[in-house]
Amino acid sequence: MLLTANAGGAETPTVLVFGDSLSAGFGIDVDQSWTTLLQHRLDEQGYEYRVINASISGETTEGGAARIESALDNFDPALIILQLGGNDGLRGFPPGRMKQNLDKIIRTSKNYGAAVVLLGIRIPMNYGQRYRTAFENVYREVAAELDVPWIEFFMEGVALNDNLMQSDGIHPNAAAQPILLDNAWPIISEALLK
């Protein structure tokens with residue numbers, strides 16, 4: 001689902017949120033999602049950008065790599081907020097493959113002239129320490145190798161708080177959305193020009 005939070009003119013630069021269900025607003029009203037709150041914050045603080053949410057619930061890094069060129073062609077973003085990988089981890093996909101996909105998404109975006117920020121994610125303890133470490137290191141390595149601003153854990157302060165999670169224990173609820181925005185805001189705001 002593609003959502004335009006603020007249908008600005010063609011001259012208005014675009015921030016493209018390219019993620020999975022955590023950014024697609026799964027299980028909540030889209031108007032409550034952190035991506036909609038991002039548009040409100042940008043407007044309130046005088047940033048002239050329109051936020052387009054190209055996130056898809058269930059998306060993997062492989063799916064993202066397959067559709068990044070189309071998204072870039074369609075929206076010509078100034079900034080991409082890349083929030084993928086959680087579904088790769090939950091499905092036990094090889095971290096090396098995930099890294100290749102994130103690498104492709106970021107390199108392709110940069111070649112199109114878009115800046116990129118990366119929102120890292122963690123997976124539950126039951127996946128084993130070895131896999132969890134390898135999975136989490138992918139974000140660190142990609143960010144360092146491609147010089148991309150990133151945060152380690154997009155769901156910081158949310159994931160283990162039952163009051164902020166939906167009943168499935170995976171997706172954040174409406175009350176969590178401002179926290180998710182606050183987690184991502186430092187690297188987003190640094191990447192934007194007023």
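Visitor: In this predicted model, what covers the buried residues of H2?

Guide: The cover over the buried part of helix H2 includes strands S2 (14-19), S3 (50-53), S4 (79-83) and S5 (115-119), together with helices H1 (21-24) and H7 (177-191).

Visitor: And which residues of H2 are buried?

Guide: Helix H2 spans residues 34-44, and its buried residues are Trp 34, Thr 35, Thr 36, Leu 38, Gln 39, Arg 41 and Leu 42. Just after the helix, Gly 46 adopts a positive phi of about 85 degrees.

Visitor: Which residues have the most contacts inside the largest nonpolar core?

Guide: Two of them belong to the buried set of H2, Trp 34 and Leu 38. The others are Phe 18, Ile 80, Ile 81, Leu 82 and Ile 188, in a core of 56 residues. Take Leu 82 as a case: setting aside neighbours within four places in sequence, Leu 82 contacts Phe 18, Leu 102, Ile 105, Ile 106, Val 116, Val 117, Leu 118 and Leu 119.

Visitor: How should I read a pair of packed helices, and at what angle do H3 and H5 pack?

Guide: The general idea is to describe two packed helices by the angle between their axes and the distance between those axes. Here H3 (residues 61-75) packs on H5 (residues 95-111) at about 10 degrees, with the axes 8 Å apart. Angles under 35 degrees count as roughly parallel, so H3 is roughly parallel to H5.

Visitor: Which residues of H3 and H5 meet?

Guide: From H3 come Thr 61, Glu 62, Gly 64, Ala 65, Ile 68, Glu 69 and Leu 72; from H5 come Arg 97, Met 98, Asn 101, Leu 102, Lys 104, Ile 105, Thr 108 and Ser 109. By type, the residues of this contact are six nonpolar, five polar and four charged.

Visitor: Where is the kink in H3 centred?

Guide: Look at Arg 67, the centre of a kink of about 45 degrees. Arg 67 is also among the buried residues of H3, along with Thr 61, Gly 64, Ala 65, Ile 68, Ala 71, Leu 72 and Phe 75. Their cover includes S2, S3, S4, helix H4 (86-90) and H5.

Visitor: Which residue takes a positive phi just after H3?

Guide: As background, most residues other than glycine have a negative phi. Asp 76, just after H3, has a positive phi of about 45 degrees, and sits in the loop between H3 and S4.

Visitor: Is Asp 76 buried or exposed?

Guide: Exposed is the reading, because Asp 76 has 57% relative accessibility and the cut-off is over 50%.

Visitor: Which loop holds Asp 147?

Guide: The one between helix H6 (129-146) and strand S6 (150-151). Asp 147 is not a glycine, yet its phi is positive, about 55 degrees. At 65% relative accessibility, Asp 147 counts as exposed.

Methods
Residues numbered from 1 in each chain as written. Predicted model: local features only at pLDDT ≥ 70, side-chain atom pairs only at ≥ 80, totals over all residues. Heavy atoms only, no water. Axes fitted to C-alpha atoms, helices over the stretch in contact; angles between N-to-C directions. Helix = DSSP H or I, 4+ residues; strand = E, 2+ residues; numbered from the N terminus. Parallel < 35°, antiparallel > 145°, perpendicular 65-115°, else oblique. Contact = heavy atoms within 4.5 Å. Nonpolar A, V, L, I, M, F, W, Y, C, P; charged D, E, K, R; others polar. Buried < 20%, exposed > 50% of the residue type's maximum accessible area, 1.4 Å probe, protein only. Core = buried A, V, L, I, M, F, W, Y, C linked by side-chain atoms within 4.5 Å. Bend = angle between axes of the 7 residues up to and from the residue.
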